[in-house]
Amino acid sequence: MKSFRTELEDLNNPVVEKDIVDLARRIELFKEGKISEEGFRSLRLARGVYGQRQFGVQMVRIKLPFGKVTSEQLHRIADVSDEYSRGRLHITTRQDIQIHYVSLDRTPQLWAELEKSDITIREACGNTVRNITASETAGIDPNEPFDVSPYVEAVFKFFLRNPVGQDMGRKFKLSFSGTDEDTALSYMHDVGFIAKTKIENGEVVRGFKVLIAGGLGSQPRLADVAYEFLAAEQIIPFIESVLRVFDRYGERTNRNKARFKFLVKDVGLDRLRELVEEEQKALSYLTYPIDTSAYDVPVEISNPTIFKVKIEDEKTYGLWKKVNVIKQKQEGLYAIGIKVPLGDFYTDKARKLADLIRDYAGNELRLTLRQDILVRHIREELLPFFYSELKQLGFTDIGYNSTHDITACPGTDTCNLGIASSTGIASVLTKVLKDEYPEYANNKEITIKISGCMNACGQHNMAQIGFQGMSIKSGDLVAPALQVLLGGGILGDGKGRFADKVIKIPSKRGPNALRLLLDDYEDNANKEESFLEYYDRREQKYFYELLKPLSDTSNLKKDEFIDWGYDKAYVKAIGVGECAGVVLDLVSTILVESKEKLTYAQEALNEKQWSDSIYHSYTSLINSAKALLVADGIKTNTQAGIIEQFETQFVETKIINIGSTFLQLVYQIKENKPTEEFASNYLSDAKTVLEKIEEYRLVLN
């Protein structure tokens, strides 16, 4: 810990310093055997530290709201990757950056280094509010009613370290789309927002269409419309209400049923609205106006010397401009899309790119949901110069946001849950497209997405053409396989469609499957008929028959038992997933957590953060009750269930005497405004309950 004390002092941020010191302390306690792996895991994940498939190393996820990165931040990330990892950066489908192969012991120092440039890893993994994604063209799109960036930033800051989102049953994902094109995919998020305006009393009012309870995974669900229009100052109170409801009523034991979409499916949209309304008294703010002034000023860009660059291949340059360059709404400015295969790039190139955007553009880039980079605010006369500079970095591949731009999760490269190689097949399919179907570099309608398992981190079930990693048996042997999915896509304005599962084939036949699909489409589609229209006309069975010859496993060759990117025979090896995992409950661990929440509640009270203090006390009450229920083998699927079970098993039976019903005591949180008096009294109640429970356990022992 002493090795980075000086670095922490440089941060001049006591909240962040405390966080990092706490992580270092927990690592030491874990190494000394004083806390279990189960007790340590939830804190580690909530600090962006995720166990890899490879033993003894961690993946660290850097949380970058709406994918915004400055030159200084990119330099910092590159320095950290070189110092603590292997110099590779991985862009995720949530606009994060991941660094792999990090020693657990060094994660506090890594975090401290990042925070010097206002970069966090806090709540990048685990059962928290994950990175908030947004349209990468937010702020530059000519069709947007307004820039959603300041709203995303405000939501990010409000819920970072907010007690309401620290210990949920599962992760929670938010997105903001700048236009009805819905490029941030609101229809597949727990809560998704689409920018809208309306006229009230002759004035333009900003707000959002709100979608809730969408999701991918093995059971994808299209989001419901919660509001056609919700005023901008209402979005943070709405999110807080939803999080409180999810925290209390969401499933906590069966992780396969613990996402928000299952809660809404079970209780119904009308009942959910009632539950959300019941939380209004407890909210820290009933309205939360968001300051957009920092984003309302004209873009500041450098004024460099304009270099005259000779373009050797005008045809290729022209195609690059057509496919990879976007005209901004700001007059005379352009954005450049950089296609990053598999989302992987290296620190040497990152630094050169950082210098380019600092010296010749607006000192800003955005990471995209398709694992790419969008460089913004470039003068038109500098486009040839940027093309020349980016070409030297290998960043001018044509096909940004096109069919050639394949999305893939890390799969079996590093993820514990990977079943088959998603990056291997993605690389091969990219080569097939480049060599055999160059015309698809300008096709923005057909997307190809690949996931290494059913959890859909590669978003395979929302693509026109999707592949999911699986395994397939051939006699006594097992081979890597792909589930082929067809017919997904974005429809706009919060609407979407999920792909149909068509057929399962050996992985090595993936390239032939793609050839069959594209050739069939080119040969048989009507003029101007989109791929989705063609798929709907032909229907699922037609494509099953088309691909059926590839599914025969009776004639597998030796190389088909070896996955893409590997040289040894395939072995199906699935580890324990962490990023959304539910921590194994141990009574002693739960009670320790309860005491910690009381400490946090007291600290928040001292700092006059009444709402935070109240929620910490509430969580302590839940954990205290849960400890006794777990000890007796009683199911604790939801917080609401814990409250009811504890009332029945321990309070009504007079085993624990708290002077009132447990329901009345706990649910004061819904009936009172967050005042100093209530926060103080609620904390006292939570302390009393914990004391009573510890006294009872002492008698038993």
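The structure, which is a predicted model, holds three cavities of 30 Å³ or more. The largest cavity contains about 40 Å³ of space. Rolling a probe the size of a water molecule over the atoms shows where empty space is left. The lining of the largest cavity consists of Arg88, His90, His100, Asp344, Pro410, Asp413 and Thr423. By character, these lining residues divide into one nonpolar, three polar and three charged.

**Gln371 and its surroundings**

One of the lining residues, His90, is also touched by Gln371. Gln371 is located in the loop between strand S14 and strand S15 (373-379). Is Gln371 buried or exposed? Its relative accessibility is 2%, and because buried means under 20%, Gln371 counts as buried. Leaving aside residues up to four places away in sequence, Gln371 touches His90, Ile91, Thr92, Thr93, Val340, Leu342, Gly343, Ile406, Thr407 and Ala408. Val340 stands 31 residues from Gln371 along the chain, and the C-alpha atoms of the two are separated by 6.6 Å.

**The open sheet S6 to S10**

Strands of a sheet pair through backbone hydrogen bonds, either parallel or antiparallel. An open sheet is formed by five strands in the order S6-S7-S8-S9-S10, with mixed pairing. Its edge strands are S6 (133-134) and S10 (224-231), each of which pairs on one side only. Within the sheet, S8 (residues 191-200) and S9 (residues 203-212) pair in the antiparallel sense over ten bridges. Thr197, for instance, has Arg206 in S9 as its bridge partner.

Helices lie across this sheet. Helix H6 (residues 149-159) lies across S6, S7 (174-177) and S9, and runs at about 165° to S7. Helix H9 (residues 269-278) lies across S9 and S10, running at about 40° to S10.

Helix H8 (residues 260-267) has the buried residues Phe260, Lys261, Phe262, Leu263 and Val264. What covers them? The covering elements include S9, S10, helix H7 (235-249) and H9. Just after H8, Gly268 takes a positive phi of about 90°.

Strand S9 also contains Val204. Val204 counts as exposed, because its relative accessibility is 58% and exposed means over 50%. Not counting residues up to four places away in sequence, Val204 touches Thr197, Lys198 and Ile199. The C-alpha atoms of Val204 and Val571 are separated by 59 Å, and these residues are 367 places apart along the chain.

**Strand S19 and its partners**

Why is strand S19 (residues 477-486) described as largely enclosed by the rest of the structure? Eight of its ten residues are buried, so the description applies. S19 has pairings with S18 and S22, which are set out below.

| Pair | Sense | Bridges | One pair of bridge partners |
|---|---|---|---|
| S18 (residues 465-474) and S19 | antiparallel | ten bridges | Gly469 and Leu482 |
| S19 and S22 (residues 500-506) | antiparallel | six bridges | Leu485 and Lys501 |

In the hairpin of S18 and S19, two residues lie between the strands. Gly475 in this hairpin takes a positive phi near 65°.

**Positive phi outside glycine**

Which residues have a positive phi although they are not glycines? Asn363 has a positive phi of about 55° without being a glycine. Asn363 is placed in the loop between helix H12 (347-360) and strand S14 (365-367). With 29% relative accessibility, Asn363 counts as partly exposed.

Asp493 is not a glycine either, and has a positive phi of about 55°. Asp493 is found in the loop between strand S20 (489-492) and strand S21 (495-497).

Conventions:
Residues are numbered from 1 along each chain as its sequence is written. This is a predicted model: local features need pLDDT of at least 70, side-chain atom pairs count only at pLDDT 80 or more; totals for chains, interfaces and linings use all residues. Side-chain values use heavy atoms; hydrogens and water are left out. On a 1 Å grid over the protein atoms alone, a cavity is a set of points where a 1.4 Å probe fits but cannot get out, and a pocket is an open set with protein on both sides within 12 Å along at least five of seven lines; lining residues have an atom within 4 Å of a point. Grid points are joined across faces, edges and corners, and a volume is the space filled by probe spheres set on the points. Ala, Val, Leu, Ile, Met, Phe, Trp, Tyr, Cys and Pro count as nonpolar, Asp, Glu, Lys and Arg as charged, and the others, Gly among them, as polar. Two strands pair if DSSP finds at least two bridges between them. Helices (H or I, at least four residues) and strands (E, at least two) are DSSP runs, numbered from the N terminus. Contact means heavy atoms within 4.5 Å. Axes are lines fitted to C-alpha atoms, for helices over the stretch in contact, and angles run from 0 to 180 degrees between N-to-C directions. Buried means under 20% relative accessible area, exposed over 50%, partly exposed in between (1.4 Å probe, protein chains only).
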